[in-house]
Amino acid sequence: MRLFLALELSPRERRAICQAIAPMRKAAPEASWVREENLHLSIKFFGEQPDTAPGELTNILAAIATAQQPIDLRISGLGAFPNLRAPRVVWMGVQHDPRLELMHHDIEATCAANGFALDARAFRPHITLARVRDEMPLANARALAVAARAVGYKGVQQVAALSLLESTLTPAGPRYTQVASIPLGGS
Ligand code: 2AM
């Protein structure tokens, strides 16, 4: 199973984000826009794992999660990796939060100590909105950037659990299924 750890957003938050970015979708219909129900903040990608991994990860992450409190994600700002001139991943940002950084660090350290690979990418918390397969012509990228600049969305989402999600690839795009929920603060 293909697994990743994420902070899930409420249906209400996902809806609000989707509505706020509608002009961006319109400006760049050629991008692969993430379906509303799939919007999330990814914490760590594990890739293909045996069926025993969810149980093992739940055990090794429980202590970290219990020591936390629920986190308020402050969601705002639009951007792209590597940048908006040549976007590959279009995202909505999450404001810098030392607690989130520390939790991510502890998760990486614990997972590495238990034989899971370290993420090669630096942790840049974001909510992926769209992926761009073929390089976008500059004019299209500009139109997307203009639309992005006009989005003033700010949201606050309280998250009370780490979610371990299974990603199943289907012809209609990935489908995410929660296989474990590890409460923050042991709630
Ligand atoms: P992304 O949104 O920045 O692409 C499911 O694919 C989740 O795992 C996504 O949120 C994705 O992050 C994240 N992820 C991290 N590394 C990945 C990888 N090597 N392949 C696919 N997804 C990855």
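How far is an oxygen atom of the ligand from an N or O atom in the side chain of His 40? In this model, which is a predicted one, that distance is 2.7 Å, and I would like to start from there and work outwards.

Two further contacts of this kind should be set beside it. A polar atom in the side chain of Thr 128 lies 2.4 Å from an oxygen atom of the ligand, while for Arg 121 the ligand partner is a nitrogen atom, placed 3.3 Å from an N or O atom of that side chain. Of the 460 Å² of accessible area that the ligand has on its own, the protein covers 77%.

Now to the surroundings as a whole. The ligand sits in the largest pocket, and the residues around it are Arg 2, Phe 4, His 40, Ser 42, Phe 45, Arg 121, His 126, Thr 128, Arg 131 and Tyr 176. Sorted by class, this shell comprises 3 nonpolar, 4 polar and 3 charged residues. If you look for these residues along the chain, you will find that strand S1 (2-8), strand S3 (40-48) and strand S6 (126-131) each contribute at least two of them.

Let me turn to the salt bridges, of which the structure holds 3. One of them joins the side chains of Glu 36 and Arg 15, with an N to O distance of 3.0 Å. This pair links distant parts of the chain, 21 residues apart, since Glu 36 belongs to the loop between strand S2 (32-33) and S3, whereas Arg 15 is in helix H1 (residues 11-20).

Finally, a point about the backbone. Most peptide bonds are trans, but the one from Phe 81 to Pro 82 is cis, with omega near -10 degrees. Pro 82 itself is found in the loop between strand S4 (71-81) and strand S5 (89-94).

Key
Residues numbered from 1 in each chain as written. Predicted model: local features only at pLDDT ≥ 70, side-chain atom pairs only at ≥ 80, totals over all residues. Heavy atoms only, no water. Near = heavy atom within 4 Å. Polar contact = N/O pair within 3.5 Å; in protein donor to acceptor, adjacent residues only side chain to side chain. Areas by Shrake-Rupley, 256 points an atom, 1.4 Å probe, with all protein chains shown as cover. 1 Å grid on protein atoms, 1.4 Å probe; cavity = no way out; pocket = protein on both sides within 12 Å on 5 of 7 lines; lining within 4 Å. Sits in = over half its atoms within 2 Å of the grid points. Helix = DSSP H or I, 4+ residues; strand = E, 2+ residues; numbered from the N terminus. Nonpolar A, V, L, I, M, F, W, Y, C, P; charged D, E, K, R; others polar. Salt bridge = Lys/Arg side-chain N within 4 Å of Asp/Glu carboxyl O.
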